[in-house]
Amino acid sequence: METVVLLALAAAAGLWLICRQIAYRQKGRALRRLAQPGPLLDAEPVKGFHYVEGNESILPLLREGERLILCREPENIHDCNAVRLLRQDGQAIGYLPMAFNSIPAALLDQGIPLAARLGLGQPGQRRWLEARLYWPGGREAGAPSAEAPAGIEEPERARAGARGVQLLAAERRQQLCRRRPRLFGGLFLDVVLLEEGQGKGRAERPERALPLLDAQGGQRGWMPLEALPPRCRQMVGCMLAQGQSLFACLDEEVSLPSAGLYCAALYWKVDG
């Protein structure tokens, strides 16, 4: 009789342990799902780490995938789109690159709580410190996943006059971002360069494209996402996948038709 009781108690204890392990595993999976960032918006190298005071002592503390805090600095005299990168303890490690921070800055200014994680490579490599930006929240059912961009930098254009247009576009971008103008119901995000045939006058809408407007708001065609630089294409594609509305507007003041280059400003239709 005692043997039967002991066996029953042992079986009950074993069953209790199994149920407890299952519950812990389910809880762990739930916590991991909550901690999982949303779709990847962009992946950019961290700039300015070598200027951080005490960076040699910070380096051993950095961990792959650790959460970062994105801190906007709109009054930064060097870059009105400045986004500073902080660790959870408030330690600064650098900034998002000036050339690629316009859209993240606009999203943060509109209260979109972007998530950020740190990516680590080997010291000395070109992109050994990387900030990965994620759209907030988990991926919606059926929404396409955004893959990391294959390359951030564009090849140097060889066309005559291209460099001048690039410099004008960079200056224009700074002018616009300082006041974040609204145009045709949209908020300014960034400036991109288009070559002849990349959307202007295009009547048929490609599969993935943005409306292309003129200075009066009339539609001049469609700008396919393939016409955007890789880093813009990644971010715009992610925003579209989350149900956001965007359009592009030709900037005739900066465009150089004689060189076959056109400047367009990206706008994001936000509520309010």
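Here is a short walk through two sheets, the helices that lie across them, and two residues in loops. Please keep in mind that this is a predicted model.

Let us begin with the sheet that contains β1. This is an open sheet of six strands, arranged in the order β1-β6-β5-β2-β3-β4, and its pairing is antiparallel. At its edges you will find β1, residues 40-45, and β4, residues 92-95, each of which pairs on one side only. On average, neighbouring strands here are turned by 30 degrees against each other, with direction ignored. For a look at one pairing, go to β2 (residues 67-72) and β5 (residues 115-120): these strands run antiparallel and are joined by two bridges. Pick out Arg 67, and you can find its bridge partner in β5, Arg 117.

Now turn to the other sheet. It is also open, with six strands in the order β7-β8-β12-β11-β9-β10, but the pairing is mixed. Its edge strands are β7 (182-183) and β10 (219-224), and each pairs on one side only. Next to the edge strand β10 in the order comes β9. Strand β9, residues 209-213, runs antiparallel to β10, and five bridges join the two. Among the residues to look for is Leu 212, whose bridge partner in β10 is Gly 221.

With both sheets in view, we can add helices. Helix α3 covers residues 102-109 and lies across β8 (186-195) and β12 (261-269), running at about 170 degrees to β8. Helix α3 also lies across β1, β2, β3 (83-86) and β6 (129-134), where it runs at about 80 degrees to β2. So α3 lies across strands of one sheet and across strands of the other. Helix α5, residues 230-241, lies across β8, β9, β11 (245-250) and β12, and its angle to β8 is about 135 degrees.

Finally, let us visit two loops and their backbone angles. Most residues other than glycine have a negative phi. Arg 180 is not a glycine, yet its phi is positive, at about 45 degrees. You will find Arg 180 in the loop between α4 (162-177) and β7. Is Arg 180 buried or exposed? Arg 180 has a relative accessible area of 15%, so it counts as buried, the cut-off being under 20%.

On the other side of β7, in the loop that leads to β8, lies Phe 184. Phe 184 is not a glycine either, and its phi is positive at about 55 degrees. Its relative accessibility is 35%, so Phe 184 counts as partly exposed.

Technical notes
Residues are numbered from 1 along each chain as its sequence is written. This is a predicted model: local features need pLDDT of at least 70, side-chain atom pairs count only at pLDDT 80 or more; totals for chains, interfaces and linings use all residues. Side-chain values use heavy atoms; hydrogens and water are left out. Two strands pair if DSSP finds at least two bridges between them. Helices (H or I, at least four residues) and strands (E, at least two) are DSSP runs, numbered from the N terminus. Contact means heavy atoms within 4.5 Å. Axes are lines fitted to C-alpha atoms, for helices over the stretch in contact, and angles run from 0 to 180 degrees between N-to-C directions. Buried means under 20% relative accessible area, exposed over 50%, partly exposed in between (1.4 Å probe, protein chains only).
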